[in-house]
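Trainee: Please take me closely through one part of this model, the small sheet, and then place it in the rest of the chain.

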Amino acid sequence: MAGYCSAFLILVNHVTSTIELFVNRLDSVESVLPYEYTAFDFCSEKTMERPSENLGQVLFGERIEPSPYKFEFKKPVVCGKVCMRTYSTNNPSDKAKLDFLKKGMLLNYQHHWIVDNMPVTWCYDVEDGQKFCNPGFPIGCFVTEAGRSKDACIVNSNFNEKDAFYIFNHVDITIYYHIVEHEQLGARLVAAKIEPKSYENPNDDKPDCSGGPKFLKNKHTGEFKITYTYSVNFAEDKKIRWASRWDYILESMPHTNIQWFSIMNSLVIVLFLSGMVAMIMLRTLHKDIARYNQMDSVEDAQEEFGWKLVHGDVFRPPKKGMLLSVFLGSGTQIFIMTFVTLFFACLGFLSPANRGALMTCAVVLWVLLGTPAGYVAARLYKSFGGEKWKTNVLLTAFLCPGVVFADFFVMNLILWGEGSSAAMPFGTLVAILALWFCISVPLTFIGAYFGFKKTGIEYPVRTNQIPRQIPEQSFYTKPFPGIIMGGILPFGCIFIQLFFILNSIWSHQMYYMFGFLFLVFIILVITCSEATILLCYFHLCAEDYHWQWRSFLTSGFTAVYFLVYAIHYFFSKLQITGLASIILYYGYTMIMVLIFFLFTGTIGFFACFWFVTKIYSVVKVD
């Protein structure tokens, strides 16, 4: 791991320094299935041990391994031969390898190479004279029977053979460094750029990187040879500081300027709406409380109206209180996990340079936060008057995590069947189950023990023996319209960030704006709380006291908008093909939707619980 993760200082005295290049899994925007580097029969390094990956890297399908591309510092190489691959279409094994390589070029699979923990980038010009630096580069491209160039084939007018695959069998690598002075003279690598090329090489045994581009006809039969070569140059760059060496990649990301403008715009709108909601609530409530507290006579008390009228029923235990308490326990666990993970990401501990750190941190925190989940579920269930504490603690420990794991396991079976690198190894799967059963479940039991041991929550008003009849409700105060309206405002505050998060997951773009994401997280919490409180107030004024489930579902309905947006994103932004990839996309999306549903629903419930407790504690009830 240290070979590619640690930033190293290269001594530039007369001692030679070897620079190692590592290769990662290959992925495509047209497929959800990543594959290991060795799956495509490229030149491989079999003498060195592959570095170990952390849990987050394994979950995201990263498979980093050493490569045969090795070079000495400040020693340029021109057309160095790496290896030669020979295929015969008469050999079933060779034909299968060649077909898989063609499939990779057809779906535009991309290499991801690493030097000193820096992605090796392919930089090219885009519109308006801008330069985009892609942390991956294609293995080849395809020209259709009609002569239409796909993907990277458009960059070279020589790629004009119809119904042919062009193979990038040569790479020009440029290593940028700057000299630093410590106790002895040294150099730091600050960038690594690559330019993929294609050469026929008339003499495969002694390649000279000449001839036309190397192509493979789609219906080729017989023998086919591919010679892989590389060239290396070194260039000193005094402008790039080592600490900011990722900046040139991040600054060239598409839509970066739009993202800044859109985020600021959405924040201003959401803050304005939140201020309006808060002001209306405070003014209206202040008048209500003052009026109710001035009712001294019996006649006035008999003419109670609005939310004070239901004071004897507002804390009546909800139906399906067991399920609600379990959801709230899991939601609390997810909320704390998200908050702490984003906080650490803001401090820079979970940047893209720390591969897999974000997911590792989230999983470890979820495992360790079993205690708050058990405590919240048990305490609320007891307050709802429940007595089946064993069922409650078992459901808290296994229901929501079990649904997520079952979905994940089915997705993993599909990945296994497709031979993808994203398929979690059996040992890692056992390790995850061990974390769940041996750490998370016992911690959930401990939390539940303390939750049940503590006395139930004391409400500010007594609950009547006989439930009050709820009057006929207008269309707007019925449950379903309110729930649908309640999720619009929170979703409006996150959908721009959601676009970039989905881009980072499915289009393999780097996500690094954790500061803005944390700010959006805080605003999401505020918006969910205020929207739920506002609708809860309207329903209480309409003498409907069933607020517990409604507050949870009102805020949680944001997840339904999330799902609708994910479907829209799939059809409008992605070019994913293949049944397995489509199933995987929606399978993983459903996991995200469930987690988001529990997260937002929990925020809404606790905001409404605080609000209801507060308003009924400040009015005089006879």
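Mentor: Strand 14, residues 164–167, pairs with strand 17 in the antiparallel sense. Three bridges hold that pairing. One residue pair to look at is Y166, whose bridge partner in strand 17 is F215. Keep in mind that this is a predicted model.

Now widen the view to the whole sheet. It is open and has three strands, in the order 13-14-17, with antiparallel pairing. Strand 13 (140–143) and strand 17 (215–217) stand at the edges. Each has a single partner strand, so one side of each is left without a neighbour in the sheet. Neighbouring strands here are turned against each other by 20° on average, direction ignored. Helix 3, residues 92–106, packs on this sheet. The helix touches strand 13, strand 14 and strand 17. Its direction makes about 85° with that of strand 14.

Next, a second set of strands. Strand 2 (residues 18–23) pairs with strand 5 (residues 65–72) over five bridges, in the antiparallel sense. Strand 2 is also joined to strand 8 (residues 113–115) by three bridges, and these two run antiparallel. V23 takes part on both sides: E65 stands opposite in strand 5, and W113 is the bridge partner in strand 8.

W113 leads on to the core. The largest nonpolar core has 155 residues. W113, V612 and Y616 have the most contacts inside it. Helix 17, residues 579–617, gives the most to this core, with 19 residues. Look at Y616 in detail. Leaving aside neighbours within four places in sequence, Y616 touches W307, K308, V310, H311, V314 and F315. P460, V461 and L540 are also in contact with Y616. A second core is separate and has nine residues, including M118, C123, I249 and A353.

Stay with helix 17 for one more residue. T602 lies in this helix. Is T602 buried or exposed? T602 has a relative accessible area of 4%, and the cut-off for buried is under 20%. T602 therefore counts as buried. Beyond neighbours within four places in sequence, T602 is in contact with F327, L328, G331, T332 and F552.

Then a helix pair. The axes of helix 9 (residues 370–383) and helix 10 (residues 389–418) come within 10 Å. They cross at roughly 145°, and the crossing is right-handed. Helix 9 brings A373, G374, A377, A378 and Y381 to the contact. Helix 10 brings W389, N392 and T396. By class, the contact has five nonpolar residues, three polar ones and no charged ones.

Last, the chain as a whole. It has 17 helices and 18 strands. Of its 622 residues, 53% are buried. Take the contacts with a separation of 6 or more: 78% of them join residues 24 or more positions apart. The Y616 contact with W307 is one case to inspect on screen. For the small sheet, start again from Y166 and F215, then move out to helix 3 where it packs on the strands.

Definitions and conventions:
Residues numbered from 1 in each chain as written. Predicted model: local features only at pLDDT ≥ 70, side-chain atom pairs only at ≥ 80, totals over all residues. Heavy atoms only, no water. Pairing = 2+ DSSP bridges. Helix = DSSP H or I, 4+ residues; strand = E, 2+ residues; numbered from the N terminus. Axes fitted to C-alpha atoms, helices over the stretch in contact; angles between N-to-C directions. Contact = heavy atoms within 4.5 Å. Core = buried A, V, L, I, M, F, W, Y, C linked by side-chain atoms within 4.5 Å. Buried < 20%, exposed > 50% of the residue type's maximum accessible area, 1.4 Å probe, protein only. Left-handed = near helix turned anticlockwise from the far one by under 90°. Nonpolar A, V, L, I, M, F, W, Y, C, P; charged D, E, K, R; others polar.
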